[in-house]
Structures are given as C-alpha cells and as structure tokens.
Amino acid sequence: MSGVVARFPKPLAALAGAALAAPLVLAAPAGAAPEPYTVTPLKFTVRAGGHDCTVDADLYRPRGADAAHPAPAVLATNGFAGSKSDGSTDALGRAFAARGYVSLVYSGLGFGRSGCLITLDAPEADGRAASGLVDFLAGTRTADDGTRADFVALDEPGDPRVGMIGGSYGGAVQFATAAVDHRVDALVPLITWNDLGHSLAPDNTVTEDRATPRTPGVFKWQWTNGFYLMGEGQPLLAPSLDPSRFGKPNCLHFTPEACETISFLNSGRYPAEESEAVLAFTHGVSPVSYLHRVEAPTLLVQGQADTLFNLNEATATYDALRAHGTTVKMIWQAWGHSGGGATPGELDLSQGNWETSYVGRRILAWFGRYLLDRTTDTGPAFAYYRDWTSGYGTADALPAASRTLYLSGDGTLREHRSDVVPGSRSYTNRSLPSSHSETSLSGLTGLPDLDPYDTTGTYLDWTSAPLPSALDVVGAPRARLRVISPKAERVQGSGDASDRLVLFVKVYDRAPDGSQELVHRLVAPVRVADVTRPFSVRLPGIVHRFAAGHRLRLVIAGSDTAYYGNRGTKPVTVASTPRETGVLQLPVVRAGTSEKTRAGE
C-alpha cells in the first residue's frame, strides 16, 4: 500500500515532516527566476465516517493564478504510512503546480498530522474527507484559518475542475472519493487494489460470480502483517498526534473492523459465519463494491513488479469500469511494490521526469484532456512495458489466450493433446513451508532475498520443449487442473475453509543452462473448494518474453513461505491421459511495437 524503492519512499521513513506555520514562498538563488508557485500549509476539519477529522494539507498555488485567471486543480495524498511531506507525495504537488495546476496535497486520515483512525480508504470516511477538500477547491468552504480558494477553475458554481493522482493507498482513495463526489473530473490511480480481501488472502480459482466471496483465500501473511505493524506503530514513532488517532488498547490506530480482519486472517481458522463477516467488510471498503458509482475518466497505472497488488487487480477494475460505461485506459508499467525502481526511462516521481517518460507523458495528457483543453489525445486503450526491447507495446484491448499446452503424465508440456503420455505423479506437503517465492517486503526495504526454490517431493512440475522462437506473453496465463487428494476430500466439508486443500501455481522461464526465473516472483495461491472436480486458475498477469531455446515450466507446489498454507498434510496426485489432462493457456502477442488484439482472456 505504500510505495516502492526509488519511486515512492520507504514507508517508515515517510513518517517525518511537520506542518509549516505560515505561507512559504520557495526561495531561488540570487539572480535566478522565482519559483513558479507558493506553498501554504492548511488545516481542515471535515466530517468523515461519523467523526470530525483534522486533515493536514499543503496548497501549491501557481504564480498568476487568481480569480481573474483561475487554474484547474490536482488533489493528491500519500501511500500507506506516508504523509503529505514524504518525497513522492510532495513531488506530486510540486510537479503539477510547476505546470500551472493548483495542487492540494494532504495526509490521509490516520497518517502524518491528519486525525482519525485508518479506515482502509472506506468511501464514507476517506472518500468523504477528500470530498471536503473538493469543497475548498470549489470555493464553498474555507480552511480552518479562513483561507479561501477563489483561483480554481470551475465547471459551474460549486464544481471545481479537479483531478486526483496518487499511488497504492493514495490510489484507492481516488475511487472512494469519486464514488461519493461526482465533481471529480479525472483519476490516475497508481499500483492500487480492486478487492482488498482478495489482495490480502487471494484465491486465484476462476469463478464467474463476482459477488462477495464466502471464504478467505490463502493468507498473504508477510505483506499484511508488515503494513499492520507500520500502521499500529505510528503513535509511537510520531509523538503528539491528534487524540482522534488513537483507538482501543488492542487496536491503536485502525478502525476495529480492520484490526478484527487482520486478527481473523492470522488465526488460521476460517469458520463460515466469521469468514463471511470479515470478507463483507473488506469487500465493502474496496473499489470492487462501488466502482459502479465511479464516473470520472480513469487512467489505471499498475506495476508488473508487484506481488502485493498484481496486474490482475487493475484488470478487474478496468473491466468493471468499462462494463459500467466509464472512460478508462490502462498502462502496465515496470515498477510496483516489489521493486523495479531502477528501470531506466520509467516515470520516477522523485526525479520528476514527466515529459521524458512514457507514463509521465500519458498522465500529463490525461489531465490535459479532462482538466485543460478537452481535446488532448490520451493514447491507446492498453499499453505495457517490455524489458526485452525499447518502448511500450500497445493494444486496443487485453490480449486473448491464444496458446495452449497440455500437461503430460511424464512431466512435460505438450503442444498437442494427442501427444500426452498417460501417467500420474504425486507430492506431499510438509508441516513447514518448503517452497519460496519471495520475502514480501524486500522490495520496499531494499534488502536482498533468496532465489525462489521448491523442495523435492513437495511439488510437481511440467516442462516444455525448447522454444523454436521467442514467445511474448502479455496478460494472465490460465491453468485448467484436476487433482486427487483423498485426505483433503474427507475434510473439505467441515465448515472451516482452512481444512480445504491449498496449492500454489506458478510458471518459470528455464534457460538452456538450467537457470530459471520466476517472473517477478509471482505465484497463484488456490484454496480448492472441491477436489473431486476440475478447477481453473488465473495466474497473475505478466509481460515476459520467453526467449528462443528457453523452456516454460509449470509448477504446482504444496506451500510458499510468503503465505499460510495447508492445515495438516494433504498428499496430492495429478493424473494425465490424452482424453483428460490439465492445460496451460497463454495470452501470446506477436513481436512488434504495437499489437492489435481482441478483447478476452
């Protein structure tokens, strides 16, 4: 929910920064031109989530913006555990003010010097708080010190021309705001979530029903507990906070529902009634439950290097907004929560390379279109960063699955069903994790991580023949599987979801020398509802070239160090025959800088 190395600052470091007491005119060296904006710290008391909350903000006013020459506005806030003063959030204010926008940058509820508890970007709390700041930009309310904004362009009285931008936690709040306040004209959410319940406890089983899930998926314990500790530790790290920032002794800084959710997921036991209540809460505070109320044109920017909120989160939001008729486009950039910060040429908020990076130019064009001239070309519907060549690939829709490989009984991936060799193989999970994909917060901390591994006897794999030519995969692979696990079958009807079989599906790129890469360390956790029936798995989306001579390797593992796994030992067998076998489907695009593809998966 926070930022990534070199793009957003490390969360704990972002807690520093005090509000200034008077307007600040940025100083320029002797003989140099003055800075193109002034900065004024402001406080607002807003009604949010049934409470009066203090919001700490900085107003960046371009020189020359006044009642006779109003300018459009950009509203931005921080990622999780950050504030208005952290490097990336402050950089947003400066970047847009320097380009003629009125920028209002604020610390989200429960962060920095803003009051009230952390609500996980609930619309009726964080959304309403941001709506109060839109009132200020509209000129219909003042800051607590009486400051009024009469220099913001209006679409009509009380309706300012305003866009929002921010990453992760500062991305989801944009949907929460637009859902409760239709005056917002444009959104640019970066690396954020669609359904927080799925993000923190994913089940990658494919279902057609998008209603609230009834059971938790596989608990992503490292990411979740890391951010929980960042949130709970803030009163200790930042003294003299607003008293409204303190909750109950066992839940200092979050709303009680949020703490109960984390406690429940950590318990490792998921009875049906409690599961439904927890998932209803995470579903209700997530965009997935209210995107039908979002009308503002949205440019989604999601990171390929992101095991917290992977590309499938943005894809789900993209599909939902399109289904409701909201204007939406999507970019899959290189960096996300798991790293990728050193990628040359990518947008770097700390450097401010807006005009010289692809994503930067697209964001400027988006605000140009919806906040300035209404005519700027906003680019293709879908674009994706490619690390094997220069530039972005583009398409008019997400690529469809176009390549199918079959799981053979001899441990190979076959091009044709008729080539499948009959056979079966088995593994047994251990009491402790025996497979490793990542140490989840290493991308934020910059600490080294172990290479991914799987322990013999605790996984199954299928490997293709060497590829005769490069294979470019853009999107989410799918697997259709059937497993045999009598022990899991006996307990899956217990009423506790934790008794069901858990497995982890992933695809490696194996080089001719035997080395291999788990692309961005992404895995697809699955909690199998019924082991007597086949099931489909949607793997995390990737953008990856499998080079000529390389092999694809599909792995099903019984555990992963970054997740809670099976309760107890559950042996698994996978059998294959030409008539009945598993399949791996890949969304493949042809080589080139621009692809014309059909909608689909």
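With a torsion of -95 degrees about the S-S bond, the link between Cys53 and Cys116 is left-handed, and it is a convenient place to enter this structure, which is a predicted model. The two sulfur atoms of Cys53 and Cys116 lie 2.0 Å from each other, S to S, and are joined as a disulfide. This pair ties together distant parts of the chain, since Cys53 belongs to strand 3 (residues 51–62) while Cys116 sits in the loop between strand 5 (102–106) and helix 2, the two cysteines being 63 residues apart. Cys53 is buried, and Cys116 is buried as well.

The count of disulfides comes to two, and the other one joins Cys251 to Cys259 with an S to S distance of 1.9 Å. Here the torsion about the S-S bond is about 85 degrees, so the disulfide of Cys251 and Cys259 is right-handed. Both Cys251 and Cys259 are buried. When the bonded cysteines of the protein are numbered in sequence order, the pairing reads 1-2, 3-4.

The loop that holds Cys116 lies between strand 5 and helix 2, and helix 2 leads to the next feature, a contact between helices. The axes of helix 2 (residues 123–138) and helix 3 (residues 169–180) come within 8 Å and cross at roughly 80 degrees. Because angles of 65 to 115 degrees count as roughly perpendicular, that crossing makes helix 2 roughly perpendicular to helix 3. On the side of helix 2, the residues that take part are Pro123, Glu124, Asp126, Gly127, Arg128, Ala130 and Ser131, and they meet Tyr169, Val173, Ala176, Thr177 and Val180 of helix 3. Taken by character, the residues of this contact between helix 2 and helix 3 divide into six nonpolar, three polar and three charged.

A further residue to examine is Thr298, which is placed in strand 10 (residues 298–305). Thr298 has a relative accessible area of 0%, and because buried means under 20%, Thr298 is classed as buried. Leaving aside residues up to four places away in sequence, Thr298 touches Phe175, Leu187, Pro189, Leu321, Thr327, Val328, Lys329 and Trp366. In addition to these contacts, a polar atom of the Thr298 side chain lies 2.9 Å from the backbone oxygen of Ala296.

Technical notes
Residues numbered from 1 in each chain as written. Predicted model: local features only at pLDDT ≥ 70, side-chain atom pairs only at ≥ 80, totals over all residues. Heavy atoms only, no water. Axes fitted to C-alpha atoms, helices over the stretch in contact; angles between N-to-C directions. Helix = DSSP H or I, 4+ residues; strand = E, 2+ residues; numbered from the N terminus. Parallel < 35°, antiparallel > 145°, perpendicular 65-115°, else oblique. Contact = heavy atoms within 4.5 Å. Nonpolar A, V, L, I, M, F, W, Y, C, P; charged D, E, K, R; others polar. Buried < 20%, exposed > 50% of the residue type's maximum accessible area, 1.4 Å probe, protein only. Polar contact = N/O pair within 3.5 Å; in protein donor to acceptor, adjacent residues only side chain to side chain. Disulfide = S-S within 2.5 Å.
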